[in-house]
Amino acid sequence: MDASQSSAASPRISAEPPLVVEMRGIVKRFPGVLANDHVDFELRRGEIHALLGENGAGKSTLMNILSGLYRPDAGTIRVKGQAVSFSSPRDAIRAGIGMVHQHFMLVPSQTVTENILLGLDEPRFRLRLSEYDRVVADLSERFGLKVDPRAKVWQLSVGEQQRVEILKMLYRGADILIMDEPTAVLAPQEIEELFRTLRSMIREGKSVIFISHKLQEVMEIADRITVLRRGRVTAAGLNAKQTTRQELARMMVGREVIFRLDKKPREAGEVVLQVEDLYAENDKGLPALRGVSLIVRSGEIVGLAGVAGNGQRELAQVITGLRKCTAGRVLLHGEVVSNRSPRFSIQRGMAHIPEDRAAVGTAPNLSVTDNVIMKRYRQPPIARRGMLDMAEATRFAERLKEAYEIMVPSVETPVRLLSGGNLQRVILAREISGRPAMLVAVQPTRGLDVGAIEGIQRLLLEQRQAGAAVLLISEELEELLSLSDRLYVIYEGRIMGEVRIPDKGASEDLVEKIGLMMTGTPLEQIEGKGATRE
Amino acid sequence: MPDRAEKTSTGHIGGVLRSLAESPIWVPLLAILTAMIVGGIVIALTGGNPFAAYAGLLQGALGSKKALSETAVWATPYIFAGLAVALAFKGGLFNIGAEGQLALGAVTAAWIGYALPDVLGVSIPPVIHISLAVGGGMLAGLIWSAIPGALKAYTGGHEVINTIMMNYIALNMTSYLLNGPMKDPSPTNVIARTPQIAESARIPPIFPGLRVHWGFVLALVVAFITWWLLWKTTLGFEIRTVGANPDAARYAGISVKRIIILTMAFSGLLAGLAGAIEVTGLNYRHELGFSIGYGFDAIAIALLGKTHPLGVVLAALLFGAMRNGATRMQFLTQIPVDVISVIQALILLFVAADAIIRYIYRIKAPAERVVLTRGWGG
């Protein structure tokens, strides 16, 4: 009755769904930083609203305010028309706002249902788990969030864990869901599934705020887009269908981003890296590489494409000496480096940009200086006869800080305080400054913002120009296509094929071929079929 | 960036005050103060006068040449053992086994001190004999801690469990030796102790008439060497890197296994040194019960000293002063020395659970918790 009355009273408004969140003039200061400078943001019922901006633009701060983690210094928030003032995430969830953070907050040894019930007042004393398993199963079915309620969280893939986080919020009655960079940790097919889920949620009348710095995704999933730059709104509630990537990128970084990288034609030189019929196992002792062979020459960037988890990680580890292979070998300048030690490879000119910057690439509590000397602390002039010359090390770090534009007040700063892009610069500075013959770069731009990605890609191209051999392992096909001279595709530990990327860019036909290889069709088959059809 | 800034913000306090408030020395200092206050309340509740008690403590610890000498005597093993635990912490390892390593160091030094001249059938010149005794003690400690180090490196067996087990073996072995083969054979002796070490194996006192010996100076020198090792050598860099992130260390080409074993070996060496110096510098023999608790107090000292060698020296001096002053306090006020144990335990409690101190004195937490050791899985 009520609903029909209101729609009768204002028939025009029904075309424009009501606002569920209205943030006005939000100001949030941190020491030395104005994170949110009079930010306005609004969310309508049943929309996916993307919040776009570089790292440090203030997206997460704004959403942490909305989800009750921070209190704003100024500004008002209205949720479903009511003025609210949250002092904890509990208040926010009571108002129907739930945030799924980038880093999951789950207990690995507990089941999905246990994790969802964690911290709630119900059930009170007796855990009637099987009953709740059914409730969770129903909920997951309703939103297409496929996950077994009885599975332990540690058994789940990252994508499934994310679904648990979403279920947690839905179970708590959230109808406004904030997703903080949800795709950063997902494989491409998991991203597709997530998008389907988000769409099914808005069909149910829920609303989603989607924080991201990836233009392509935002264009794909969002109905409207708000862009933040340095704590200010540069575009509010743009219709996603009426904007372009170039326009968004400009508003995000404040200048035109060059999407076409300046890649000069260059003849590849002698073979630097040879991988011959390599077999290796993953951490669980299952076969991860099944006969991988490839070569990389000096002065070329060779891409390795593939969906996450097809052996890329293990291949990078075997090549750099971090993992033993069970058969086959890796040669660097004709010398066997596989099954030796990381130091053996490093001394022969191997550089490695690891996938995990904070857990493997750096020691977060140590300073920038300590981190950049980590691979050369034994060599003069930094070390002489086992003694460290810290003054020399500091000078070295200062030089790298200048040359690689590492934005940090002092080289004595612990690297845990650096942003993702700066952390990657620290790693690149360390790896590249040694003038490596071979550089293995794994996901070098993952999780970085547009400006940082460009800088990192430029550095990789400079290495190619300087005559290094570069093996680029990435899940971003676009990045591989714009940087690589040649491309291998890996699927379930086997190389599906090798293609040359023309200097003028990849044709659609080529991209399709790569796509087929990534899903398990060997190149000979693809080309064989083409031949028979002709 | 802003997310991180949040954690270090202190609201309305200015920048200078903030950096002062975040300085690492505040928590230990305030922990000591708070423990003294709580300890004072305990004294008052048991009918004593806390002010008289603390005056007695102070007088006993620092009030005379003799008091100062005794404080240094107490502090000496604390410094060595505290450095042992702190060094292991820097490498990401928790050496709970200092107690056992120390006991074996003492037994070994004592044997070399009293029996070696007879075994060799010659008298040994003092400098050489002292060096042999002290070196033997160091070696014993080193071997005893390198074993759990190797177990950690090659099997992943956690060093906390293994050093505790090694403690049981070492302490029972010591007890057997002191009651059996190494027992002082003189007919009047009923105590589980070794014979006195030879004159040539004794570290002389610094000042005639006072017990403080050159071992105290050696402790300060060793503290400096430990600092130098950790921050000025490539090996120290490797130890700190493995302690900060073993995965990054391996990736950077550091042999993590080698560093784990070496770190534990050095740690045990320092603990063994603590025992050897007690024997050669102070007691001139080893007796069951002489070294009880040094290895465990060392954990408190390493934590109170924030695992920095200078901090360890200061913490060891404080603990030494309190242990030493306690006797005078009891003599003057009849308050039992056990109160000092209570205060020391409270200091450790407040340093370990620094959230209490931060809450009481409104000190903001550091940007990130400093991880001393890795979890059971690591």
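**Exercise 1. In β7(A), which residues are buried on one side and which on the other?**

Solution. Step one: sort the strand by face. I176(A), I178(A) and D180(A) sit on one side, with L177(A) and M179(A) on the other, and both faces are covered, since all of these residues are buried. Keep in mind that this is a predicted model.

Step two: check the tally. β7 spans residues 176–180 of chain A, and five of its five residues are buried.

Step three: look at the strands alongside. β6 (residues 97–100) of chain A runs parallel to β7(A), joined to it by four bridges. In that pairing, M99(A) stands opposite I178(A). Strand β8 (residues 207–212) of chain A also pairs with β7(A) in the parallel sense, this time over five bridges. Here D180(A) has I211(A) as its bridge partner in β8(A).

**Exercise 2. Work out why helix α10 of chain A is described as largely enclosed by the rest of the structure.**

Solution. Start with the cut-off: a residue is buried when its relative accessible area is under 20%. Now count along residues 312–320: eight of the nine are buried, so the helix is largely enclosed by the rest of the structure. The buried ones are Q312(A), E314(A), L315(A), A316(A), Q317(A), V318(A), I319(A) and T320(A). Then step just past the end of α10(A), where G321(A) takes a positive phi of about 90°.

**Exercise 3. Find the edge strands of the open sheet β12-β11-β14-β15 in chain A.**

Solution. First, write down the order: four strands, β12-β11-β14-β15, with antiparallel pairing. Next, look for strands with a single partner: these are β12 (287–297) and β15 (335–336), which stand at the edges, so one side of each is left without a neighbour in the sheet.

Now zoom in on one pairing. β11 (residues 271–281) of chain A is antiparallel to β12(A), and eight bridges join them. V271(A) of chain A faces R297(A) in β12(A) across this pairing.

**Exercise 4. Which residues other than glycine have a positive phi near 50° or of about 45°, and are they buried or exposed?**

Solution. Take E405(A) to begin with: its phi is positive, near 50°, and it isn't a glycine. E405(A) lies in the loop between α14 (390–403) and α15 (420–433) of chain A. With 52% relative accessibility, E405(A) counts as exposed, because the cut-off for exposed is over 50%.

Then go to R435(A), another non-glycine, where phi is positive at about 45°. R435(A) belongs to the loop between α15 and β19 (438–442) of chain A. Its relative accessible area is 68%, so R435(A) is exposed too.

**Exercise 5. Which residues gather with E405(A) in a patch of negative charge on the surface?**

Solution. E405(A) shares the patch with E398(A), E402(A) and E412(A). Next, place one of them: E402(A) is in helix α14 of chain A. Finally, check its exposure: E402(A) has 60% relative accessibility and so counts as exposed.

**Exercise 6. Where is the cis peptide bond that joins P380(A) and P381(A)?**

Solution. Check the angle: omega is about 5° for this bond. Then locate P381(A), which is in the loop between α13 (368–372) and β17 (383–384) of chain A.

**Exercise 7. How many residues apart in sequence are Y488(A) and I295(A), and what is their C-alpha to C-alpha distance?**

Solution. In sequence, they are 193 residues apart; in space, C-alpha to C-alpha, the separation is 9.9 Å. Y488(A) is in strand β21 (residues 486–491) of chain A. With a relative accessible area of 4%, Y488(A) is buried.

How values were computed:
Residues numbered from 1 in each chain as written. Chains lettered and ligands numbered in written order. Predicted model: local features only at pLDDT ≥ 70, side-chain atom pairs only at ≥ 80, totals over all residues. Heavy atoms only, no water. Helix = DSSP H or I, 4+ residues; strand = E, 2+ residues; numbered from the N terminus. Buried < 20%, exposed > 50% of the residue type's maximum accessible area, 1.4 Å probe, protein only. Pairing = 2+ DSSP bridges. Patch = residues over 30% accessible without salt bridge, like charges linked within 9 Å, V, L, I, M, F, W, Y side chains within 5 Å. Areas by Shrake-Rupley, 256 points an atom, 1.4 Å probe, with all protein chains shown as cover. Salt bridge = Lys/Arg side-chain N within 4 Å of Asp/Glu carboxyl O. Lys, Arg positive; Asp, Glu negative; His and termini not counted. Charge placed at Lys NZ, Arg CZ, Asp CG, Glu CD.
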